[in-house]
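Student: Could you walk me through reading helix packing in a model like this one?
Tutor: Sure, let's take a look together.

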Amino acid sequence: IRFCDRELRPEEMDELRDAFKEFDKDKDGFISCKDLGNCMRTMGYMPTEMELIELSQQINMNLGGHVDFDDFVELMGPKLLAETADMIGIKELKDAFREFDTNGDGAISTSELRDAMRKLLGQQVGLKEVEDILRDVDLNGDGLVDFEEAVSGATVV
């Protein structure tokens, strides 16, 4: 199923399918209009009362008061894509990591981080500040930040 500029990935379809199954309590292939709001909340969306009223009207008018899986995908697919569109992709993270890892050894050192911060901020950053940042992200304590640590640090911030 395609929305906007891309199709839902298999894992996104699985997420939708799992959520749908959880709220299809009687296993008839439909979820009720009132369960849709709870389902959306379990998926991490916080619909307003107005959004729920509009969805309810749409479902009652066009879908007979209940939602099958295809209808559910039509309703939730764009929300899922909008959410993932805001996330940074792995390619972008690797590209950013390479910008910091100037000697290409697969790790960012204190001096590489200090140089990168000077370029980004346009001013010299104190060694202590850089060491503090590095220490926060350096999960294995080797004094360097490898790609896995950088990604973990990026998702925490």
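**Helix crossings and confidence**

Tutor: Let's begin with handedness: α6 and α7 cross in a right-handed way. A crossing is right-handed if the near helix is turned clockwise from the far one by less than a right angle, and left-handed if anticlockwise. Helices here are DSSP runs (H or I, at least four residues) and strands likewise (E, at least two), numbered from the N terminus.

Student: At roughly what angle do the axes of α6 and α7 cross?

Tutor: Axes are lines fitted to C-alpha atoms, for helices over the stretch in contact, and angles run from 0 to 180 degrees between N-to-C directions. For α6 (residues 110–121) and α7 (residues 127–137) the axes come within 10 Å and cross at roughly 115°. The two are therefore roughly perpendicular; that label covers 65 to 115 degrees, with under 35 roughly parallel, over 145 roughly antiparallel and the rest oblique.

Student: Which residues of α6 and α7 meet?

Tutor: Contact means heavy atoms within 4.5 Å. On the α6 side you have T110, L113, R114 and M117, and they meet L127, V130, E131, I133 and L134 of α7. By type, that contact has six nonpolar, one polar and two charged residues.

Student: What about α2 and α3: at roughly what angle do their axes cross?

Tutor: Roughly 135°, with the axes of α2 (residues 33–42) and α3 (residues 49–62) coming within 10 Å. That makes α2 oblique to α3. Their crossing is right-handed, and C33, L36, G37, M40 and R41 of α2 touch E49, L52, L55, S56 and I59 of α3.

Student: How far should I trust the model?

Tutor: It's predicted, so local features need pLDDT of at least 70 and side-chain atom pairs count only at 80 or more, while totals for chains, interfaces and linings use all residues. Residues are numbered from 1 along each chain as its sequence is written, and side-chain values use heavy atoms, leaving out hydrogens and water. pLDDT is the predictor's confidence in each residue, from 0 to 100. The protein chain averages 79, and 84% of the residues score at least 70. Among its elements, strand β1 (residues 2–3) has the lowest mean, 46, and strand β5 (residues 107–108) the highest, 89.

Definitions and conventions:
Nonpolar A, V, L, I, M, F, W, Y, C, P; charged D, E, K, R; others polar.
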